[in-house]
Amino acid sequence: MDTYADLVFLGGQVVTVDAEFSVASALAVTGGVISAVGGRADVAPLVGPDTRVVDLRGATLLPGINDSHLHGCAFGMSTPPLSLDLGHPAVASLADVAEAVREAVGRVPDGQWITGHGWDTGYLDECAADPSRLPSRHDLDAVSPDHPVVLYSFSGHATWVNSRALELIGIDRHTVAPPGGAIVADGAGEPTGLLHEGAQALVQNALPPLSRQERTDAIRSALATLARLGVTSYTEPGLGPGGDGIMRGALGAETLDVYRRLLADGELTARLGVLLLPTGLSSTTEEFARALTGLGGSGDADPRRLAIHGVKIFADGIVPNKTSWMHEPYVGGGCGSLCVGGATDTERTAGIDAMIRHAHAAGHQMGVHVTGDRAIDTVADAFAAAMAEHPRPDARHYVIHGDFLTAHSMEVLAAHGFGVNMNPTIKWTVADMEEMFVGAERAAYAWPYRDALDAGVRVASGSDAPVTSPDWRQGVATMVLRESKAAGRVSGPEQRIGLADAIRTYTIDAAWQDFADDWKGSLEPGKAADLCVLDGDLLTADPHDIPEMPVVLTVVDGQVVHDALRD
């Protein structure tokens with residue numbers, strides 16, 4: 001035998017995710033490529049003296065997981081020790097948040113900024129008991145009168161600061177929020193310390209930007225976590241000049257340079273796809289067009305390891321902030337709006353149409369952050385109009401999040417070969433809370449996986465980390481069960497999908513989003529050897545048990561990057 005395999009797997013459930021979703025029992029890897037799939041007899045001739053043979057003992061071998069919407073640098077910097085953990089269950093009340101800040105004050109030098117991430121009013125006792133009770137600077141001032149404090153919500157669409165931070169930033173009752181943003185004020189007109197959407201840039205511009213070393217450390221931390229979870233590819237959905245004012249520049253252009261250096265040094269242990277971010281959360285068409293012409297490419301990086309796929313645009317906000325643009329009013333009134341520049345809905349619609357037309361004509365794939373049903377219809381129609389004006393055979397544009405896809409938007413997306421990137425772990429997290437904003441019926445419908453697949457739309461799944469943990473196992477369980485995190489209630493049972501479809505959203509259909517389904521995303525001979533081994537039989541497991549099934553081996557391009565079998 002001239003060429004023996006480097007890795008051979010035997011005795012397991014090899015879930016190929018091919019067109020038939022066939023299941024084999026053995027697989028071989030040679031030189032970073034899958035060289036055989038089938039039974040023991042198919043791989044036995046490839047076993048040589050240096051071949052590592054893994055007896056799966058009934059475990060499940062999957063294609064490497066592709067988290068198709070994950071902010072890697074931001075995820076790394078939002079977790080300890082770089083930031084306070086303010087997510088559930090680390091904190092359960094406003095008092096818990098204050099105590100975490102008080103402890104941090106005792107650890108850091110005078111005047112140093114204290115940062116935290118992950119607070120969610122749906123999991124803070126005082127706010128859950130009284131929806132009108134929102135986080136305030138007064139909750140933080142008593143424990144941190146001198147240290148400025150900036151705490152990012154789990155969604156990334158709201159920031160909570162104390163009075164010292166407001167003072168240093170220069171925000172008072174007379175400050176005008178940027179277009180598309182809001183400075184929340186109390187009954188007397190004074191800022192409460194909550195900033196929504198584009199107004200968060202006022203905080204970011206006052207913070208020292210992340211150093212190159214901080215960015216590098218954050219990405220290394222994220223990569224280590226992803227390897228342990230079996231994630232072999234992910235999309236950074238927005239890096240560029242528009243990200244310089246988001247999370248201390250974690251989404252800025254310099255972060256892309258750090259990724260390039262990690263790849264050159266052999267430290268990029270997952271494949272990376274990138275959407276460039278020309279402008280931030282709210283911008284005019286003219287600003288976007290100017291920024292678009294100045295974007296660079298991926299340089300001389302291996303496109304299978306680091307690829308620039310297109311650009312990201314923000315169309316509206318999120319439901320908990322009532323900034324998603326909806327056809328029907330929220331509970332309590334208001335329908336939100338598009339977040340692009342413009343004084344009226346008509347002007348803003350024209351603005352998003354023009355931005356999409358510019359990016360499409362320039363040859364970019366587009367991922368558009370859009371959550372409200374009226375905004376999604378607007379974006380889907382704009383995609384179709386841009387395609388009609390400048391026909392392209394395989395643009396693969398997609399809506400990001402797509403919480404409230406309508407029948408109309410699904411029909412348009414499917415007809416033109418466009419996709420949607422959904423977030424099952426966010427569904428799991430916010431299912432109970434959303435009822436207070438949009439009512440029980442709309443909250444249950446949110447993230448309509450079943451309808452989208454039935455309509456023929458390509459659906460990929462992502463965590464939006466650091467919004468939620470990049471744990472695809474919980475995502476799969478949520479797609480199958482539609483149960484909520486807080487109460488365990490079923491939310492929209494008619495939108496459940498089967499295990500095979502759920503796995504596809506994290507593998508072959510995520511690879512489709514990357515223009516890479518011809519060489520990754522399934523376990524077939526000739527495809528890249530990106531693998532994830534899950535202890536136990538995923539195909540017969542109770543879906544409730546899937547989130548606890550350990551990932552025991554992760555392989556990227558034939559190289560082992562996580563190995564619990566030998567630990």
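Helices α10 and α11 run roughly parallel to each other, because their angle falls under 35 degrees. The model is predicted. The angle between the two helices is about 15 degrees, and their axes lie 9 Å apart. The crossing of α10 and α11 is right-handed. On the α10 side, the contact is made by Thr285, Phe288, Ala289 and Leu292. On the α11 side, Gly351, Ala354, Met355, His358 and Ala359 take part. The residues of this contact comprise six nonpolar and three polar, with no charged ones.

**From α11 to α12**

Helix α11 (residues 345-361) also packs against helix α12 (residues 373-389). The axes of α11 and α12 come within 9 Å and cross at roughly 45 degrees. These two helices are therefore oblique to each other. Their crossing is right-handed. From α11, the contact draws on Asp345, Thr349, Ile352, Asp353, Ile356, Arg357 and His360. From α12 come Arg374, Thr378, Val379, Ala382, Phe383, Ala386, Met387 and Glu389. The contact of α11 with α12 has seven nonpolar residues, three polar and five charged.

The two pairs are set out below.

| Helix pair | Angle and axis distance | Contact residues |
|---|---|---|
| α10 and α11 | about 15 degrees, 9 Å apart | six nonpolar, three polar, no charged |
| α11 and α12 | roughly 45 degrees, within 9 Å | seven nonpolar, three polar, five charged |

**Arginine 305**

Arginine 305 sits in the loop between α10 (285-293) and β17 (306-314). Is arginine 305 buried or exposed? Its relative accessibility is 16%, so arginine 305 counts as buried, the cut-off being under 20%. Neighbours within four places in sequence are left aside in what follows. Arginine 305 is then in contact with Leu263, Leu268, Ala270, Arg271 and Leu272. Val556 and Asp557 are also among its contacts.

**The whole chain**

The protein chain has 19 helices and 24 strands. Its radius of gyration is 23 Å, close to the 24 Å that the globule rule gives for 567 residues, so the chain is as compact as a globular protein of that length. Along the principal axes, the C-alpha atoms fill a box of roughly 80 × 60 × 45 Å. Of the 567 residues in the protein chain, 59% are buried. How far apart in sequence are the residues that contacts join? Taking contacts between residues at least 6 apart in sequence, 71% join residues at least 24 apart.

Note on methods: Residues numbered from 1 in each chain as written. Predicted model: local features only at pLDDT ≥ 70, side-chain atom pairs only at ≥ 80, totals over all residues. Heavy atoms only, no water. Helix = DSSP H or I, 4+ residues; strand = E, 2+ residues; numbered from the N terminus. Buried < 20%, exposed > 50% of the residue type's maximum accessible area, 1.4 Å probe, protein only. Contact = heavy atoms within 4.5 Å. Axes fitted to C-alpha atoms, helices over the stretch in contact; angles between N-to-C directions. Parallel < 35°, antiparallel > 145°, perpendicular 65-115°, else oblique. Left-handed = near helix turned anticlockwise from the far one by under 90°. Nonpolar A, V, L, I, M, F, W, Y, C, P; charged D, E, K, R; others polar. Rg over C-alpha atoms; globule rule 2.2 N^0.38 Å.
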